[in-house]
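Trainee: I'd like to go through this one with you and check what the words really stand for. Can we start from a single residue and work outwards?

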Amino acid sequence: MATIQECREALDRLSDNLARAEEGVRGAAAFDRSLSCHITDLAQTFTGRLEGGRIRVDAVAPGPPARKAEIRLAMTGDDLVALVAGELKFAKAWASGRVRLEAGFRDLLRLKSLL
């Protein structure tokens, strides 16, 4: 089982990957939205923002998200680490229910190119 530190490092790597991505992908991520990532097996939630093509983590708190973020993710720590490492494909994990993504319709359309 991934630790909270490994999950934080995975989110940092994802942020770095977005910042280094090709223009089309980076442009798709270059909007300003609140973000939460609930790590279900650790019962912890990272909260922050997706802004300027990067993920900024502001806090980690126990339990599910206290506030409804504009973009909400939920998954196990192992799945987060595997997604960022490229060992797990987002579409397959989402279709099987291993990863939950909730966002407004417009945000989902923009995020589609990232996934």
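**From one strand to the whole sheet**

Mentor: Sure, start with Gln 44, which is found in strand β2. Keep in mind that this is a predicted model, where local features need pLDDT of at least 70 and side-chain atom pairs count only at pLDDT 80 or more, while totals for chains, interfaces and linings use all residues. Residues are numbered from 1 along each chain as its sequence is written, and side-chain values use heavy atoms, with hydrogens and water left out.

Trainee: What makes β2 a strand?

Mentor: Strands are DSSP runs of E with at least two residues, and helices are runs of H or I with at least four, both numbered from the N terminus. β2 covers 44–51. By that rule the protein has five helices and five strands, in the pattern α-α-β-β-β-β-α-α-β-α along the sequence.

Trainee: Which residues does Gln 44 contact, leaving aside its neighbours within four places in sequence?

Mentor: Contact means heavy atoms within 4.5 Å. On that test Gln 44 is in contact with Ile 4, Cys 37, His 38, Ile 39, Val 60, Ala 61, Pro 62 and Gly 63. Take Ala 61: 17 residues separate it from Gln 44 in sequence, but the C-alpha to C-alpha gap is 5.6 Å.

Trainee: What makes two strands a pair?

Mentor: DSSP has to find at least two bridges between them. β1 and β4 (residues 71–75) are joined by five bridges and run parallel, so they count as a pair. Along that pair, Ser 36 faces Arg 72 and His 38 faces Ala 74. β4 also pairs with β5, this time antiparallel over four bridges, and there Ala 74 has Arg 100 as its bridge partner.

Trainee: Why are β3 and β5 said to stand at the edges?

Mentor: The open sheet has five strands in the order β3-β2-β1-β4-β5, with mixed pairing. β3 and β5 (100–103) each have a single partner strand, so one side of each is left without a neighbour in the sheet. On average, neighbouring strands are turned by 20 degrees against each other, direction ignored.

Trainee: Which strands does helix α1 touch?

Mentor: α1 (residues 4–20) packs on the sheet against β1, β2 and β3, and its direction makes about 165 degrees with that of β3. Helix α3 (residues 77–85) touches β1 and β4, at about 110 degrees to β4. Those angles run from 0 to 180 degrees between N-to-C directions, with axes fitted to C-alpha atoms, for helices over the stretch in contact.

Trainee: Why is Asp 79 called buried?

Mentor: Buried means under 20% relative accessible area, exposed means over 50%, and partly exposed is in between, using a 1.4 Å probe and protein chains only. Asp 79 has 7%, so it's buried. Asp 79 lies in helix α3 and touches Leu 88 and Arg 98, not counting residues up to four places away. The buried residues of α3, Asp 79 among them, pack against α1, β1, β4 and α4 (90–95).

Trainee: How many residues of β4 are buried?

Mentor: Four of its five, which is what "mostly covered" refers to. Across the 115 residues of the protein, buried ones make up 37%.

Trainee: And why is Ala 43 partly exposed?

Mentor: Its relative accessible area is 37%, so it falls between the two cut-offs. Ala 43 sits in the loop between β1 and β2 and has a positive phi of about 55 degrees although it is not a glycine. Most residues other than glycine have a negative phi.

Trainee: Last one: what makes a pocket a pocket?

Mentor: On a 1 Å grid over the protein atoms alone, a pocket is an open set of points with protein on both sides within 12 Å along at least five of seven lines, whereas in a cavity a 1.4 Å probe fits but cannot get out. Lining residues have an atom within 4 Å of a point. The second largest pocket has 16 of them, with Thr 47, Gly 48, Pro 65, Ala 66 and Arg 67 nearest its centre. The largest share of that lining, four residues, comes from β3.
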